[in-house]
Amino acid sequence: MHYPIMAKITFLGTGGGRFATITQKRATGGIYIADKALLMHVDPGPGALVKMHEFGIDPMATNVIFVSHAHPDHYTDAEILIEAMTMGGRRHRGMLIGSESIINGIKDFRAISFYHKGLVKEVRAVKPGDKFYINYWYEMEITPSLHSDPTTVGFKLALDNGIISYISDTQYFEGLADFHKEARLMILSVTRPIGMKIPFHLSTEDAVEIVKKVNPELAILTHMGVKFMNVASEQANFVSEETGVNTIAAMDGMRVYMEDKIEIKKD
Ligand SMILES: [Zn+2]
């Protein structure tokens, strides 16, 4: 196992939404959070496994897979990554955390097979407000979303060097920011640029409202739709200017290190 000495977050993909995913103009492998006793893959969409190999992350070392909802850009590689996490199904280990749709299935959505759920040591269907520990150490709090998969969730996770907060697909709603208060590092799924709002997703204007209220040390915009990705840095700069919070647009393969300082590596 290669646990880092400080929190390290790798963006295995920064694309999101149907057309960004279909065209793979940006990858859709999700986010990998590594801390001392935690190797957690968040929202492994199409190509996650391939991107892990490209960016030098061992899929067999993962001990937690978190899937926010049952849309393909968030979950499609989860089953093969469960096979990796459990050494091809030979070792009953790891934790799978997912929305109700991912774990148990809901009317329109059904994601992880019974077989794959059976491989994992701990399977947890989560809903907003749930609080629990991962690996006896990391407190996770599940946060709400308002999305076309009605069971979509985000989280707040307490790492040794501060809280990391993740907003998955959602539309803006009053009170959303309150669930992410105290985050030191915030990751927001912002699909649309300024003036191009669509239902059930965040746009840059919404990101401004949230980031202003939460006031983290760093905000990272990811899950970009096709219309967002060409103007990604302008969108991030706009959020920085409007909020006074350092905000960046994620890039495929980007790594963020969180210790006393938060450092970004883009090579
Ligand atoms: Zn979605």
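**Group meeting talk: a zinc site, a few strands and some helices**

Let me start with a small spot, Gln24, which sits in the loop between α1 (18-23) and β2 (28-35). Before I go on, please keep in mind that this is a predicted model. The phi of Gln24 is near 55°, a positive value in a residue other than glycine. Is Gln24 buried, partly exposed or exposed? Gln24 is partly exposed, because its relative accessible area is 36%, and the partly exposed class runs between the 20% and 50% cut-offs.

There is a second residue of this kind. Asn215, found in the loop between α7 and β13, also has a phi near 55°, again positive in a residue other than glycine. Asn215 has a relative accessible area of 52%, so Asn215 counts as exposed, the cut-off for that class being over 50%. Asn215 comes just after α7. Within α7 itself, the buried residues are Thr204, Asp206, Ala207, Val208, Ile210, Val211 and Val214.

Now to the part you have probably been waiting for, the metal. Which residues coordinate the zinc ion? The donors are His69 through NE2, His71 through ND1, His147 through NE2 and Asp169 through OD, at 2.2 to 2.3 Å. Along the chain, these donors follow the spacing H-x1-H-x75-H-x21-D. The pair of His69 and His147 links distant parts of the chain, as the two are 78 residues apart. His69 is in the loop between β4 (64-67) and α3 (72-75), while His147 is in the loop between β8 and β9.

What about the geometry? The angles among the four donor atoms run from 89 to 174°, and the site is irregular. To see why, recall that four donors count as tetrahedral if all angles lie between 85 and 135 degrees. For reference, the ideal angle for four tetrahedral donors is 109.5 degrees. The upper end of the range here is 174°. One caution for the bench: water is not among the atoms, so sites may look incomplete.

Are these histidines buried or exposed? His69 has a relative accessible area of 0%, so His69 is buried. His147 is buried too, because its value is 5%; the cut-off for buried is under 20%.

From His147 we can step along to the strands. Strand β9, residues 153-159, is mostly covered, with six of its seven residues buried. On one side of the pairing we have strand β8, residues 138-144, which runs antiparallel to β9 and is joined to β9 by five bridges. There, Pro144 stands opposite Val153 in β9. Strand β10, residues 162-167, is also antiparallel to β9 and is joined to β9 by five bridges. The bridge partner of Leu159 in β10 is Gly162, and a hairpin of two residues joins β9 to β10.

After β10, in the loop between β10 and β11 (183-192), we meet Glu182. Glu182 counts as exposed because its relative accessibility is 64%. Leaving aside residues up to four places away in sequence, Glu182 touches Lys156 and Ile163. Glu182 and Glu217 are 35 residues apart in sequence, and their C-alpha atoms are 9.8 Å apart in space.

Let me finish with two helices. How does the length of α9, residues 232-243, fit what its twelve residues should span? At 1.5 Å a residue, they should span 16 Å, and the end C-alpha atoms are 17 Å apart, which agrees. The buried residues of α9 are Ala232, Gln235, Ala236, Val239 and Thr243. Looking down the axis of α9, these buried residues fall within an arc of 95°, so they line one face of the helix. The reason such a pattern can arise is that an α-helix has 3.6 residues a turn, so residues three or four places apart point the same way. What covers the buried residues of α9 includes α7 (204-214), β13 (218-222), α8 (226-229) and β14 (247-249). Just after α9, Gly244 takes a positive phi of about 75°.

The other helix is α4, residues 78-85, where Ala78, Leu81, Ile82, Ala84 and Met85 are buried. These residues cover an arc of only 160° around the axis, which puts them on the same side of α4. Just after α4, Met87 takes a positive phi of about 55°.

That's my tour, and thanks for listening!

Key. Residues are numbered from 1 along each chain as its sequence is written. This is a predicted model: local features need pLDDT of at least 70, side-chain atom pairs count only at pLDDT 80 or more; totals for chains, interfaces and linings use all residues. Side-chain values use heavy atoms; hydrogens and water are left out. Buried means under 20% relative accessible area, exposed over 50%, partly exposed in between (1.4 Å probe, protein chains only). Helices (H or I, at least four residues) and strands (E, at least two) are DSSP runs, numbered from the N terminus. Two strands pair if DSSP finds at least two bridges between them. Donors are N, O and S atoms within 2.8 Å of the metal (3.2 Å for Na, K and Ca); water is not among the atoms, so sites may look incomplete. Four donors count as tetrahedral if all angles lie between 85 and 135 degrees; four count as square planar and six as octahedral if opposite donors are over 155 degrees apart and all others between 65 and 115; anything else is irregular. The expected span of a helix is 1.5 Å times one less than its number of residues. The arc is that of the directions from the helix axis to the C-beta atoms. Contact means heavy atoms within 4.5 Å.
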